[in-house]
Amino acid sequence: MATDGAAVEVSGASAEQTPHRLDKKWTFWFDNQSKPKQGAAWGNNLRDVYTFDTVEEFWCLYDHVFKPSKLPGNADFHLFKAGVEPKWEDPQCANGGKWTVTSSRKAGLETMWLETLMALIGEQFDDADEICGVVASVRQRQDKLSLWTKNAANEAAQMSIGRKWKEIIDVTDKITYNFHDDSKTRTSKGRYSV
Ligand code: MGP
């Protein structure tokens with residue numbers, strides 16, 4: 001009996017200490033564009049901050065750092081798959097685009113950001129392979145979240161991701177998908193909407 005009890009205690013303790021591994025590694029990034037240096041190229045202040053692959057690390061990072069309410073104006077947080085840089089120039093992003101949702105309330109951005117982070121690390125998207133990551137941008141005009149995907153031309157995949165994302169963040173208003181190639185030429189036309 002005593003031996004059984006001890007065994008239960010030991011296995012209970014080890015379960016508590018074993019980190020909960022995620023399906024893949026993710027990296028949090030930070031970009032502060034609030035004090036741009038004259039003539040500095042875009043991305044000059046973009047930094048990869050931490051790569052993690054456990055639930056415990058995620059919550060620690062989220063709780064202590066990666067809340068949009070902690071961002072100054074004109075700054076961004078990113079969560080991207082490890083190895084993918086949040087830039088149009090990254091080979092995984094080069095042919096991609098992004099779904100964007102705007103928020104006029106700080107609390108709205110915070111909730112949608114957390115719901116999106118949990119959906120990404122929890123692999124809730126059917127087309128998870130198509131996703132590069134998500135960006136939270138705090139701007140004077142309007143805050144926004146952008147979900148970056150790989151193959152902009154694959155309309156079916158983008159529509160499926162867009163629909164699922166709206167469900168996850170509980171948005172009913174129309175959202176729009178832009179190709180990075182259009183953003184480069186500052187053509188703001190959305191190619192898809194859902
Ligand atoms: P943006 O992503 O269109 O919107 O970038 P943002 O950052 O919210 O801008 P704002 O005007 O709403 O504040 C705006 C500009 O940043 C682009 O026109 C580019 O000049 C530059 N830029 C943004 N991104 C994501 C990239 C990138 O990945 N690579 C390069 N080279 N420039 C970028």
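**From a strand pair to the ligand**

Let's begin at strand β8, where Ser193 is the bridge partner of Thr176. The model is predicted, so to speak of local features a pLDDT of at least 70 is needed, side-chain atom pairs count only at pLDDT 80 or more, and totals for chains, interfaces and linings use all residues. Residues are numbered from 1 along each chain as its sequence is written, and side-chain values use heavy atoms, with hydrogens and water left out.

Strand β8 (residues 192-193) runs antiparallel to β7, with two bridges joining them. Strands here are DSSP runs of E with at least two residues, numbered from the N terminus, and two of them pair if DSSP finds at least two bridges between them. On to β4: this strand (residues 97-103) pairs with β7 (residues 176-179) in the antiparallel sense, over four bridges. One partnership to look for is that of Lys98 with Asn178 in β7.

Lys98 also takes us to the ligand, as one of the residues around it (a heavy atom within 4 Å). The others are Trp42, Lys87, Trp88, Glu89, Arg139, Arg141, Lys144, Trp148 and Arg186. By class, this shell has seven charged residues (Asp, Glu, Lys or Arg) and three nonpolar ones (Ala, Val, Leu, Ile, Met, Phe, Trp, Tyr, Cys or Pro).

Which distances should you look at here? An oxygen atom of the ligand lies 2.7 Å from a backbone N or O atom of Trp88. For Lys144, a polar side-chain atom is 2.7 Å from a ligand oxygen atom. Glu89 has a side-chain N or O atom 2.6 Å from a nitrogen atom of the ligand.

Terms used
Polar contact = N/O pair within 3.5 Å; in protein donor to acceptor, adjacent residues only side chain to side chain.
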